[in-house]
Structure formats: structure tokens, C-alpha cells
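Colleague: Could you take me closely through one part of this model, beginning with a residue on the outside and then following what surrounds it towards the inside? Please be careful to say what kind of model we are looking at.

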Amino acid sequence: MWHRLIDWFGEVRERYNLVRDFNKAAKNSFIAGQAPTLLEARVTIGSSEFKHAFSKFLAGGFRIKALSGKPLQKSELIEIGKVVLDNEELVRKLVALGWDTLEVHDVKGYHGCKWALKNYAKIGGFLQ
Amino acid sequence: MKQILLQIISDSSKMTTIKSKSSLTENYWFWIAAAELGLILFLIAKLRQKQKVMLDSTTKELLNKSKNSNVDMDNLMNSINKSRELYKLLSTKCHPDRFLEENINKKASEIFQEISKNQRNYNRLLELKEIAQTELNITI
């Protein structure tokens with residue numbers, strides 16, 4: 001029981017750290033002038049059709065949202081998503097920590113792209 | 001005697017009104033408790049369903065390893081912002097068709113394959129740029 005509780009708190013901390021690290025790196029690159037758009041990672045509900053064995057209840061979405069700066073085109077949104085999905089280590093970590101959906105959204109509105117992380121994480125064949 | 005009887009009757013009527021009120025509130029609490037019980041049972045069922053996923057030891061190890069792995073977020077940001085241009089530059093400069101000598105052509109095709117494989121990994125592209133400069137004798 002205690003083992004499970006400790007595991008659960010450890011996972012929560014890891015999830016928080018991952019989002020914080022992403023936001024910090026995005027902020028630094030925006031301030032340094034390397035990135036034309038400020039990105040921010042958020043935790044969302046995610047999509048029920050992308051759920052897998054480790055999905056967190058009502059917190060399975062990892063959303064990257066453009067906050068300010070240059071508005072992004074659809075091709076740029078797709079490119080951001082592909083960069084994240086090509087990073088196998090990051091995708092595995094996201095799946096292991098309970099995320100199932102990757103969402104990339106623009107500054108305005110609710111239009112964006114989403115991908116099922118289980119299709120890109122090569123952790124055996126258990127993610128059904 | 002008559003007064004006592006009247007008092008007893010009025011007391012009993014009061015008791016019945018209190019009883020009916022208390023049964024109403026009891027009913028209310030009963031439904032809340034039933035809803036809570038339902039929620040608990042639902043969560044237990046979900047937990048059991050999750051436990052059914054059997055993992056072999058290697059997968060478990062891989063899962064724990066990936067949970068605790070450190071992702072280089074600076075590289076990720078650089079990949080988002082800069083990798084596209086670097087990939088275009090490298091793929092044109094290191095294209096195998098540019099090198100006619102057989103040995104260098106072979107090396108160039110290997111490097112080109114590696115570049116295409118890591119087109120969205122900025123750090124790896126920088127490494128490949130260095131390799132291309134030394135092995136193919138080109139300036140990028």
C-alpha cells in the first residue's frame with residue numbers, strides 16, 4: 001500500500017517537473033530570441049479514443065499552446081508535433097507518466113492538431 | 001385526568017411530526033451514502049481493470065527507466081526552432097550526388113542517411129555537421 005502511494009506521489013512530481021522543464025526551456029528560448037513564438041505546456045483531459053493502459057483519469061492530454069508572438073500556421077503546428085513525436089525518449093516518458101494525447105494549439109481559438117502517443121511509443125506491444 | 005389525556009395526545013402528534021422529518025433527512029443521507037458507495041465500487045472496478053495489464057520484466061524495466069529518464073528540453077526547443085533550416089542545409093551540402101569519388105560517395109551516402117534519420121534532432125544534426133566537415137572535406 002505504502003509502496004503504491006509513494007509511486008503515485010513520485011509520478012505526480014515527475015509529471016509536474018516535465019511540464020515545468022518544458023515551459024522553462026520554451027521561455028528561455030523565446031527570451032533569447034531563438035523562438036518567434038512563446039510555447040506553453042499544459043495538462044488537459046485528452047481524448048478518450050487515445051486511451052491506453054497507463055492513461056491518467058481526466059489528465060491524459062499534453063497540450064502545447066502558443067501563448068504570444070507570431071501566430072502559427074497549420075504546417076508549423078504539425079512540425080512542432082512531429083519534433084515531439086520524433087523524440088522517442090520524451091514520448092516514452094509521456095506515455096509512462098500517464099499521458100495519452102499530444103495536442104498542439106495556436107494562439108487564437110481552439111483549433112489545433114492531436115496525436116495518439118501510443119502509436120509512437122515503442123514500449124513493447126502492450127499498449128492496446 | 002382529561003387534561004393529562006389531552007397533553008398525551010398532543011405530545012404523540014408532535015412525536016409523529018418529528019419522526020416524519022427525521023425519516024426525510026435520513027432518506028437524504030441514505031442516498032448520499034449510496035452514491036458514495038457506488039463511486040467507490042466504480043473506482044475499485046477501474047483499479048482492478050488496470051491491474052489486469054500484465055507486463056513482462058523487460059517491459060516493466062523499460063517503463064521505469066523511461067519514467068526516470070532526463071529529457072533534454074533545450075535540445076527539444078532548438079529542434080522545434082532551428083532543426084528545419086539546419087537539415088535543409090546539411091541535406092543539400094552532403095548529398096551523395098555531389099561527390100564523384102567512390103570512397104567519399106559511400107561516406108556521404110551514410111552521412112546523408114543519418115541526417116535524414118535525425119532530421120528533427122538538432123544536437124545530432126550539429127554532430128553530423130562536424131562529421132561531414134571532417135570526413136567529406138567541405139565547409140558548411
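Modeller: I6(A) is found in helix 1 of chain A, and in this predicted model I6(A) counts as exposed because its relative accessible area is 59%. I6(A) belongs to a nonpolar patch on the surface that it forms with M1(A), W2(A), L5(A), W8(A), F9(A) and V12(A), and together these residues have about 870 Å² of accessible area. As background for reading such a patch, nonpolar side chains in soluble globular proteins tend to be buried together. Another residue to look at here is E11(A), which is linked with K56(A) and K67(B) in a network of salt bridges.

To place that helix in its chain, the elements of chain A run α-β-β-α-α-β-β from the N terminus on, which comes to three helices and four strands. The C-alpha trace of chain A spans about 50 × 25 × 25 Å along its principal axes. The radius of gyration of chain A is 15 Å, which agrees with the value near 14 Å that a compact globule of 128 residues would have. Buried residues make up 51% of chain A, and of its contacts with a separation of 6 or more, 64% join residues 24 or more positions apart. The accessible surface of chain A comes to about 6900 Å², and carbon and sulfur atoms account for 57% of that area.

Turning inward, the largest nonpolar core has 33 residues, and L39(A) and F62(A) are those with the most contacts inside it. Helix 1 (2-31) of chain A gives two or more residues to this core, as do strand 1 (37-44), strand 2 (61-69), helix 2 (74-86), helix 3 (88-96), strand 3 (101-105) and strand 4 (112-116) of chain A, together with helix 3 (73-93) of chain B. Leaving aside residues up to four places away in sequence, F62(A) touches L18(A), V19(A), A41(A), R42(A), T44(A), L94(A), W99(A), T101(A), L102(A) and E103(A). A second, separate core of 13 residues includes A108(B), I115(B), L128(B) and A132(B).

One of the residues that F62(A) touches is L94(A), and L94(A) leads us to helix 3 of chain A, where it is buried along with L90(A), V91(A), R92(A), K93(A), V95(A) and A96(A). This helix is mostly covered, with seven of its nine residues buried, and what covers those residues includes helix 1, strand 2 and helix 2 of chain A together with helix 2 and helix 3 of chain B. A residue on the chain B side is S66(B), which lies in helix 2 (residues 57-67) of chain B and touches R92(A), K93(A) and A96(A), not counting residues up to four places away in sequence. S66(B) counts as buried because its relative accessibility is 6%. Just after helix 3 of chain A, G98(A) takes a positive phi of about 100°.

Helix 2 of chain A offers a further link to chain B. E79(A) forms a salt bridge with R120(B), the closest N and O atoms being 3.2 Å apart, and the pair crosses between chains, from helix 2 of chain A to the loop between helix 4 and helix 5 of chain B. E79(A) is buried, at a relative accessible area of 16%, and R120(B) is likewise buried, at 16%. E76(A), for its part, meets K70(A) in a salt bridge (2.8 Å, N to O); E76(A) counts as partly exposed at 22% relative accessibility, and K70(A) counts as partly exposed at 36%.

The loop that holds R120(B) also holds N118(B), between helix 4 (102-117) and helix 5 of chain B. N118(B) counts as buried because its relative accessibility is 16%, and among residues beyond four places away in sequence it touches R124(B), L125(B) and L128(B). R124(B) in turn forms a salt bridge with E127(B), the closest N and O atoms being 2.8 Å apart; both lie in helix 5 of chain B, three residues apart, about one turn of the helix. R124(B) is partly exposed at a relative accessible area of 23%, and E127(B) is partly exposed at 43%. Over all chains, a search of the whole structure finds 13 salt bridges.

Note on methods. Residues numbered from 1 in each chain as written. Chains lettered and ligands numbered in written order. Predicted model: local features only at pLDDT ≥ 70, side-chain atom pairs only at ≥ 80, totals over all residues. Heavy atoms only, no water. Core = buried A, V, L, I, M, F, W, Y, C linked by side-chain atoms within 4.5 Å. Buried < 20%, exposed > 50% of the residue type's maximum accessible area, 1.4 Å probe, protein only. Contact = heavy atoms within 4.5 Å. Patch = residues over 30% accessible without salt bridge, like charges linked within 9 Å, V, L, I, M, F, W, Y side chains within 5 Å. Areas by Shrake-Rupley, 256 points an atom, 1.4 Å probe, with all protein chains shown as cover. Salt bridge = Lys/Arg side-chain N within 4 Å of Asp/Glu carboxyl O. Rg over C-alpha atoms; globule rule 2.2 N^0.38 Å.
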